[in-house]
Structure formats: structure tokens, C-alpha cells
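Trainee: Please pick one part of this model and go through it closely, starting from a single residue and working outwards. I would like the local geometry set against the surrounding elements.

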Amino acid sequence: MNIVRPIKSVDDLANAGLVSDRDRQALEEVAARYAIALTPTVTKLIDRTDAADPIARQFVPDIAELIATPEERADPIGDHAHSPVEGIVHRYPDRVLLKAVHVCPVYCRFCFRREMVGPQGLGTLEPAAMKAAFDYISSHPEIWEVILTGGDPLVLSSRRLDEITRELAAIDHVKLVRFHTRVPVVDPPKIDAALIAALKASGKTTYIALHANHPRELTSEARAACARLVDAGLVMISQSVLLKGVNDDAAVLADLMKAFVETRIKPYYLHHPDLAPGTSHFRLAIEEGQKIVSSLRGRISGLCQPAYILDIPGGYGKAVIGESAIRKSADGCFSVSDYRGGEHSYPPSE
Ligand SMILES: *Cc1c(COP(=O)(O)O)cnc(C)c1O
Ligand code: SF4
């Protein structure tokens, strides 16, 4: 009775009572375009009594996904423009993305790579492509950091991850290995001793960037999984997306950031949602985002402050887009605002 199975289709969603019969046909259309998956952990987290549940909103498909707006694009952050070999995105000189796998344990409805991930997506790199990717990294001594993303690299087996980190360990100029993942939250038992050992590249520093968007995702199981990672010597940072109807509220965002810090995860990035197709129902105005982010400054500890980030469409990279507290004034001095909104000149006038 209490067995919860992974959800991978509209039928599964209907059987679990998560979508209404009325929407099934339209949702099949959504499913034909964008992959669906919920882990049992996520399914159990959904509050079925709340029609606007922020967990359901992130993972249960919505007919609004069929609406594409003119500014949306299949490759919103311009991965293709900077891909020298399959699986590598080299936009900044000192670091590359290594996209070994385009599969995730859950499919976020707002995903910026939704056209590339999923069963119909780009799949897993073939051994020859993997070798070419490692050759590319080896032959570029300016690459200091390798960021495994995708897809979610932690869907790979410990054996496959171990092979990858061994290859990276053998490249002298690579000093950092970073994994971007949702697994500690959506499938905490997967974070076991074998996986943790596999994530550590010998002689390198390993960072884990955890993607979570709502404080309820940081259950005691999820926090325990993160504690196993941190206790093993991995450094954790957070990554969230500012999403309408999920966390576009200063109190919710504050609780999320506090939950990260309590879990020894340093808040890193809060992304403005990308222009991925069929995601306009998640996007809010930049000014609204700036207001919410600014209000965190006085509300919670400095440790809890993420940087508000926009990935510039077309492949131009990331920019910090929070309101600036300081402006140059006409007399060549500065005007700086405090966290309550008070204005002060710098240097002080007397
Ligand atoms: C986001 C991104 C990175 C990582 O950027 P950081 O600011 O170091 O977190 C690296 N390469 C590409 C192509 C990216 O899109
Ligand atoms: S886990 Fe990341 S790559 Fe996978 S669906 Fe969610 S946002 Fe996209």
C-alpha cells in the first residue's frame, strides 16, 4: 500500500492521482516534447491537499508548457556556441562543463536544457566521445576546473563515476572537480559510501553544487545525505532557480538559504529562470527578483546570501544582476544604500 514507484509517464502520474483525467490528453502532448520523471522521494514530498504545491509545480507537468513565447529558445544559454567537442562546453578560459550524461532522476519543468535531456535527449557519451573529451581537457593546460553537469552526473553508477574521476585525477593542471546534482535531495539513499568514494578525484578538490529550490526539499534524509558528503571532505555549495509559484517570496527564499547553511552548504547562485521553451509561467520580472533578493540582505545572515545570476542568452556567460547598493553621484562621490533603504554618501560629507 505504501509502495511508491518512480513516475515516468502521464499514466503513472494519473495512477498516482497527481493529474486530473481532464488534463491527460494535453499532458500527453507535453510528454511527447519534454521528459517526465519523479522519484519516490519527490512524489512523497508533494502535498496533495495544496493545488499550488511548490514541489508539484517543479516536477508535475503542466499544460502551460505547450505555450511557447517568442523570446524563448531551444538552447537558452548558448551551450552549442561553445562546444569544441561533444560533451564539452568551454565558455570561460579556466573551466569547462563535461556533460557525460543527459539523463536526470527527476525532470524539472523549468529545465534550461529541457531540449537536450531525457530519454529522447542526447543520452550518455559513448566511450570514444568520452575519450575525446578527456583528450581535450588534457591538451588545454588553462583548464583548472572541470564541472560535471548534464543531465545529472550522479545518475551514473559509482563504477562509471570512479572511471571519470580517475581520468581527471591523472590530469595535472585540473585542480578542481565540481558536480552539479539534485540527487542528495531527490534520491538521498543513492549517496552511499561507494558513490562518495567515486566522487573524490585523488589529489583534487571536489565541490558538489546541490540544486534545490524550496526549503521543504531539505528533508532530514536529504540533510543526512549532504552530511555524509561534507563529512567525507567534499565542499558543498547551492544552486537554485528563482521560480514564480515556488520560491518568489522573501520568506520562502530565506528559509531555503538558511536550510542550506544549516546543512553546511554555502549558498552560491540564485538563477533568474532561463528562456527555455514552455516555461513562461515560471518567469518573473527581473525587478521583482531584484527586490526579493535585496530584501534578504537585512533579513538573514551574510552566510545565507546567494548571488542573483542571469545566464545571458546566446552564450555570453553569467552576469550578477542584483541591485547595486552603490551609485556614483554627480560630485564624484558615491551614494550607498543600507539594508533598510537609507541613503548615505561615501565618503561621508563631514
Ligand atoms: C555556468 C557555467 C560555468 C560555471 O560558471 P561559474 O560561474 O564558475 O559557476 C562554466 N561554464 C559554462 C559553459 C557555464 O555555463
Ligand atoms: S536536474 Fe537539472 S538538468 Fe535535470 S531536469 Fe532538472 S534542471 Fe534540468
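Mentor: This is a predicted model, and the starting point is Arg 264, which counts as partly exposed because it has 14 C-beta neighbours inside 10 Å. That count falls between the limits in use, 12 or fewer for exposed and 20 or more for buried. The backbone of Arg 264 is the reason to stop there: phi is positive, about 65°, although the residue is not a glycine. Most residues other than glycine have a negative phi, and most peptide bonds are trans. As for its place in the chain, Arg 264 lies in the loop between helix H10 (250-262) and strand E7 (265-271).

E7 leads into the sheet. It is one of 9 strands forming an open sheet in the order E1-E2-E3-E4-E5-E6-E7-E8-E9, with mixed pairing. E1 and E9 are the edge strands, each pairing on one side only. From one strand to the next, the twist averages 30°.

At the E9 end, strand E8 (residues 307-312) pairs with strand E9 (residues 317-320) in the antiparallel sense, over 4 bridges. Ile 312 stands opposite Gly 317 in E9. The hairpin of E8 and E9 has 4 residues between the strands, and within it Gly 314 takes a positive phi near 105°.

At the other end, E1 and E2 run antiparallel and are joined by 3 bridges. The hairpin between E1 and E2 passes through 2 residues. Ile 88 has Leu 98 of E2 as its bridge partner.

This pair of strands also contributes to a ligand site. Ligand 1 is surrounded by Ile 77, Val 89, Arg 91, Tyr 92, Arg 95, Leu 97, Ile 147 and Lys 318. Strand E1 (88-92) and strand E2 (95-101) each supply at least two residues of that shell. The biggest contribution to the shell around ligand 1 comes from E1, with 3 residues. By class, the shell around ligand 1 has 5 nonpolar residues, no polar ones and 3 charged.

Beyond E2 comes the second site. The loop between E2 and helix H5 (127-138) contains Cys 104, which is buried because 26 other C-beta atoms lie within 10 Å. Its C-alpha atom is 8.4 Å from that of Leu 154, a residue 50 positions away along the chain. Cys 104 is also part of the shell of ligand 2, together with Tyr 107, Cys 108, Cys 111, Arg 113, Val 117, Gly 150, Gly 151, Asp 152, Arg 182 and His 211. That shell divides into 5 nonpolar, 3 polar and 3 charged residues.

Two members of the ligand 2 shell, Gly 150 and Gly 151, share a further backbone feature: the peptide bond from Gly 150 to Gly 151 is cis, with omega near 10°. Gly 151 lies in the loop between strand E3 (145-150) and helix H6 (158-169). Another cis peptide bond joins Tyr 346 and Pro 347, with omega about -5°; Pro 347 lies in the segment after E12.

E12 belongs to another open sheet, made of 3 strands in the order E10-E11-E12 with antiparallel pairing. Its edge strands are strand E10 (326-328) and strand E12 (343-346), each pairing on one side only. The twist there averages 25° from one strand to the next. Strand E11 (residues 334-337) pairs with E12 in the antiparallel sense over 4 bridges, and Ser 337 stands opposite Glu 343 in E12.

One helix rounds off the account. Helix H9 (residues 220-231) has 12 residues and spans 16 Å from its first C-alpha to its last, close to the 16 Å expected at 1.5 Å a residue. Its buried residues are Ala 222, Ala 225, Cys 226 and Leu 229. They lie on the same side of H9 because they cover an arc of only 95° around the axis. The face turned away from that buried side carries the exposed residues Ser 220 and Asp 231.

Key: Residues numbered from 1 in each chain as written. Chains lettered and ligands numbered in written order. Predicted model: local features only at pLDDT ≥ 70, side-chain atom pairs only at ≥ 80, totals over all residues. Near = placed C-beta within 6 Å. Nonpolar A, V, L, I, M, F, W, Y, C, P; charged D, E, K, R; others polar. Pairing = 2+ DSSP bridges. Axes fitted to C-alpha atoms, helices over the stretch in contact; angles between N-to-C directions. Expected span 1.5 Å × (residues − 1). Arc of directions from axis to C-beta.
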